[in-house]
Amino acid sequence: MPQFMKSIRFRLLSVTLLAVMGPLAVFSRLLNDQLWGFYVSRLDLELEAMGYVISEDSVPILLGEEPREELAAVVERWDRLMGVRIIVADADGTIQAGTIGFASLKVGTEIDDTFTPGLRAALRGSRNSTTWRGPDQDYEETMYVNVPILSEDGEVLGAVRVSYSLGQVKSGITNIRHNLWLGFGVYVVLLTLIIVLLATSLARPVESLRKDAQIISGGVLDHRIEPYGPSEIKELGDTLNQMTERLAGLEGQRRRYVSDVSHELRSPLAAIRSMTETLIEHGDDDPELKHRYLPRIVSQTDRLARLATQLLDLAQIEGDDTTQQFEKVCLRGVVDEVLQTTERAAGEAGVTVTTELESSSLAVPGSRDQIVQMLLNLVENAIRYTPEGSLVAVAGSREKDRVVLSVRDNGPGIEEKSLPFLFERFYRVDQARTPNRGGTGLGLSIVQRIVQAHGGSITVESELGEGTLFRIELPGCVEKE
Amino acid sequence: MAKIMVVEDDEQLNEVLCYNLQKAGYQVTPIVDGEVAVKELAQDAPDLLLLDIMLPSRSGWEVCEFISQQTHLSDLPVVIFTAKSSREDFDRARAFPNFSGYFVKPYATGDVMRHVAKLLERSAET
């Protein structure tokens with residue numbers, strides 16, 4: 001389909017014109033048939049009426065009560081008045097008078113079936129009418145009405161034939177049709193104008209929206225659309241604006257994220273580089289330096305590696321729609337796995353981790369790997385940020401159709417002003433960074449994203465000197481009693 | 001002996017920088033917090049300030065702001081350290097009257113030491 005045929009203007013115009021022209025053509029055809037039928041039946045009646053009047057006038061003449069010459073006068077009078085052609089024949093079939101078109105028909109000649117169709121039937125007493133085109137195409141179609149001339153006692157004295165050219169009826173109808181089509185033509189031209197205006201008023205705001213969208217897709221995310229036109233198009237423009245705002249927001253977030261990631265990568269790299277350079281420069285004169293810096297370099301490298309892994313985890317959690325691959329995750333198994341993984345770190349930090357599950361059948365629909373990671377991050381955090389001798393308690397219980405998982409520690413607690421930012425990427429409570437603890441600032445972000453991906457919620461309560469409680473609510477699996 | 005204040009919140013980085021400066025014979029004050037830096041600067045002006053931008057409690061920019069309002073700090077050369085490599089940050093740093101150098105992490109310690117030596121030589125001449 002050519003491009004212009006897909007435009008609003010073309011489609012509206014073509015559909016409307018088809019919708020108007022089709023019925024108009026049918027209507028015009030019907031009108032033509034109706035008018036033709038109506039005029040022909042009217043003509044038949046009129047010619048018959050004339051035939052009977054002439055027949056009555058002819059009775060005394062044919063009976064010989066009045067002179068034969070009178071007959072010609074009667075015929076001439078009607079011819080003059082009505083423009084009809086008339087033949088009057090006597091009972092023997094001899095033409096007595098007439099306004100005759102055909103050369104073969106003359107007063108005093110015998111009628112015949114070719115040139116006077118139906119007249120012989122009228123002489124037998126039956127009124128009839130017929131249409132005839134004449135002996136060749138030079139003649140117009142003509143209607144013939146034949147009426148018998150009857151005496152008072154019913155004797156057939158002769159017959160009258162009255163004829164009228166149907167060509168005149170046809171030209172009358174054609175005239176009406178021409179006028180009708182002229183009216184239609186004016187109507188269609190006006191309609192076309194209205195539709196073109198309407199289509200333009202529809203197409204212009206759409207075209208303007210398209211231009212705006214093109215600017216936006218070119219990357220100008222602060223471009224704002226001022227939509228006009230029909231309400232639907234205005235709404236579309238408003239929606240586009242909302243979309244662009246959201247995109248701009250996301251783009252801003254992305255930039256901040258990339259900048260944050262760059263920052264987070266550069267800090268450990270700076271420490272590694274500085275320590276290595278210092279070792280190269282002063283390592284020989286100061287043997288103590290080696291023991292101090294080399295373990296730090298190793299732990300900074302670990303931190304970089306963990307950061308890389310967690311960035312990837314975060315990207316995967318945010319990028320995937322994992323709800324499709326949810327399975328029944330049994331919390332008993334998850335807790336055991338997390339405990340095993342953190343056993344060594346807890347031992348080294350001197351932290352005791354306890355677990356208490358209300359029921360060993362506690363389960364949630366989800367991704368097992370993600371649920372393990374979620375709990376692991378919380379437990380690792382608790383171990384990392386609590387002093388030696390602290391307790392970390394992992395608990396699971398069921399509340400109606402939800403499963404509640406909590407991780408509580410009796411560590412130093414978190415300041416209230418930090419709580420709102422706790423789940424933000426790269427936010428760390430100990431702002432004077434202590435990299436030996438190895439936090440990347442991504443652990444809690446990952447936890448929050450996993451909880452969200454599982455349709456749950458996470459809250460944190462903390463009191464300085466008392467400890468911290470992370471509480472996760474997840475939709476639970478239906479438990480079989 | 002020239003006095004240098006090192007404001008860097010990464011403790012390991014702070015320590016290693018201070019170690020190098022001390023080895024080169026400077027007197028060093030290590031600080032890990034923006035607020036503490038401002039308090040120290042209000043009392044005493046060092047000969048040189050090495051300043052990180054991302055700091056807890058008060059950012060490096062706020063410390064710069066504070067310095068530009070203090071008459072006794074008007075001659076203090078400030079070298080900016082940052083983990084951000086954006087053009088805007090560099091332009092912002094350069095607009096600061098006391099701006100005397102800009103290092104993006106991870107920087108070469110040798111470059112920093114040479115730059116510090118040059119700055120302190122110059123200020124010793126004036």
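**Sheet of chain B**

I started with the open sheet in chain B of this predicted model. I read its strand order as S2-S1-S3-S4-S5, five strands with parallel pairing. At the edges I found strand S2 (27-31) and strand S5 (99-104) of chain B, each with a pairing on one side only. I also looked up the twist: neighbouring strands are turned by 15 degrees against each other on average, with direction ignored.

**One strand pair, close up**

Next I picked strand S4 (residues 78-82) of chain B and followed its pairing with S5(B). The two run in the parallel sense and are joined over 5 bridges. Which residue of S5(B) is the bridge partner of Val79(B)? I found Gly101(B) there.

**Helices on the sheet**

I then turned to the helices that lie against these strands. Helix H4 (residues 87-94) of chain B packs on the sheet and touches S4 and S5 of chain B. I noted that its direction makes about 160 degrees with that of S5(B). Helix H1 (residues 11-23) of chain B lies across strand S1 (3-7), S2 and strand S3 (48-52) of chain B. Against S2(B), helix H1 of chain B runs at about 175 degrees.

**Val112(B)**

I wanted one residue to look at in detail, and chose Val112(B), which sits in helix H5 (residues 109-125) of chain B. Is Val112(B) buried or exposed? I logged Val112(B) as buried, because 20 other C-beta atoms lie within 10 Å, and the cut-off for buried is 20 or more. Leaving aside residues up to four places away in sequence, Val112(B) touches Phe103(B) and Tyr107(B). Phe103(B) brought me back to the sheet, as strand S5 of chain B covers 99-104. I also checked Leu21(B), which is 91 residues away from Val112(B) along the chain; their C-alpha atoms are separated by 9.6 Å.

**Chain A and where it meets chain B**

My last stop was chain A, where I counted 9 helices and 12 strands. Of its 481 residues, 26% are buried. Taking contacts in chain A between residues at least 6 apart in sequence, I saw that 64% join residues at least 24 apart.

How many residues of chain A are in contact with chain B? I noted 20, in contact with 24 residues of chain B. Helix H5 (residues 231-282) of chain A gives the largest share of that side, 14 residues. By class, I wrote down 6 nonpolar, 9 polar and 5 charged residues for the side of chain A that touches chain B.

How values were computed: Residues are numbered from 1 along each chain as its sequence is written. Chains are lettered from A and ligands numbered from 1 in the order in which they are written. This is a predicted model: local features need pLDDT of at least 70, side-chain atom pairs count only at pLDDT 80 or more; totals for chains, interfaces and linings use all residues. Helices (H or I, at least four residues) and strands (E, at least two) are DSSP runs, numbered from the N terminus. A residue is buried if 20 or more other C-beta atoms lie within 10 Å of its own, exposed if 12 or fewer, and partly exposed in between; C-beta atoms are placed from the backbone. Two residues are in contact if their C-beta atoms, placed from the backbone, lie within 7 Å. Ala, Val, Leu, Ile, Met, Phe, Trp, Tyr, Cys and Pro count as nonpolar, Asp, Glu, Lys and Arg as charged, and the others, Gly among them, as polar. Two strands pair if DSSP finds at least two bridges between them. Axes are lines fitted to C-alpha atoms, for helices over the stretch in contact, and angles run from 0 to 180 degrees between N-to-C directions.
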